[in-house]
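Me: Hi! Could you walk me through this one with me? I'd like to go through it piece by piece.

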2 protein chains.
Amino acid sequence: METAAAVGSLQEVLAALSDPVRLEMVRRLASADEPVACSRLYEGVSKSTASHHFKILREAGVTERTVVGGQTCQRLRVADVEGTYPGVLSSIVAAAGD
Amino acid sequence: METAAAVGSLQEVLAALSDPVRLEMVRRLASADEPVACSRLYEGVSKSTASHHFKILREAGVTERTVVGGQTCQRLRVADVEGTYPGVLSSIVAAAGD
DNA sequence: TGCTAGGTTCGATATGCATCAAACAGGTGG
DNA sequence: CCACCTGTTTGATGCATATCGAACCTAGCA
């Protein structure tokens, strides 16, 4: 199982996904299927707010911070979350994807 | 599709399920698979708080209020929610069920 | 007609959280 | 070395919401 942090509690994961800004971030990460630069993941909020949301997602174990070519990126921990709560992340992303 | 109210937005549903008290209510409703009297659905909070949570769940379209033999009961709208957001409710309940 | 039991509604409180601007940090490229 | 670009941290602020007690409603029942 990867390495670092474990996926958070189901409550944490659901709370993380229940915010519109964060759900959109996750949706974009899921459709990209690779690490994405922070700045590509949000619109309409300030970067400090976005950074706050990144932290929530990270602490819930839904995303991970990686650095790709000097760029700070976020990666969706699909396998870890699906392994812990099968179907939860995928069905939510599918439902959000319209 | 039943009749009355539509299932709420995905955000509403996730927000409804992200509270521990409400998730437990849903978990009990799911395992019972039939309408359950309000008083059987919670512990540790006052009845006014519980009623507040019932309202949130109802407004999210997750549950429905029915009266069975003079008893006010809550029913999980499994089919409606699954029809709107396939897999979301079932996978969350499964994950919560440990 | 009361009486009781189970839910709901009403304020009131308090904690949480989303949001922002400003200051900070760490690379990259002139 | 110095600006610049990106993301994070730090307060501060305001709104949302979880919580409670008390009052209210509504059936059933004696």
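Me: How many residues surround DNA strand C, and which are the closest?
Reply: Happy to help! In this predicted model, 21 residues surround DNA strand C. The closest are A:Ser48, A:Thr49, A:Gly70, B:Cys38 and B:Ser48.

Me: Which elements give two or more residues to that surface near DNA strand C?
Reply: From chain A it is H3, and from chain B it is H3 plus strand E3 (71-76).

Me: And where does the largest share come from?
Reply: From H3(B), which supplies 6 residues of the surface near DNA strand C.

Me: What about classes there, nonpolar, polar and charged?
Reply: The surface near DNA strand C has 6 nonpolar, 11 polar and 4 charged residues.

Me: OK, switching strands. Which residues come nearest to DNA strand D?
Reply: There are 21 residues around DNA strand D, and A:Cys38, A:Ser39, A:Ser48, B:Ser48 and B:Thr49 come nearest. The elements giving two or more residues to this surface are helix H3 (47-59) and strand E3 (71-76) of chain A, along with helix H3 (47-59) of chain B.

Me: Which element gives the most near DNA strand D?
Reply: That would be H3(A), with 6 residues. By class, the surface near DNA strand D holds 6 nonpolar, 11 polar and 4 charged residues.

Me: New topic: what turn lays chain B on chain A?
Reply: A turn of 180 degrees, with a shift of 0.0 Å along the axis and an RMSD of 0.0 Å. The two copies are therefore related as by a two-fold rotation axis.

Me: And what share of the contact residues of chain B recur in chain A?
Reply: 100% of them, so the same surface serves both copies.

Note on methods: Residues are numbered from 1 along each chain as its sequence is written. Chains are lettered from A and ligands numbered from 1 in the order in which they are written. This is a predicted model: local features need pLDDT of at least 70, side-chain atom pairs count only at pLDDT 80 or more; totals for chains, interfaces and linings use all residues. A residue is near a molecule or strand if its C-beta atom, placed from the backbone, lies within 6 Å of it. Helices (H or I, at least four residues) and strands (E, at least two) are DSSP runs, numbered from the N terminus. Ala, Val, Leu, Ile, Met, Phe, Trp, Tyr, Cys and Pro count as nonpolar, Asp, Glu, Lys and Arg as charged, and the others, Gly among them, as polar. Copies are superposed by least squares on the C-alpha atoms of residues with pLDDT of at least 70 in both. Two residues are in contact if their C-beta atoms, placed from the backbone, lie within 7 Å.
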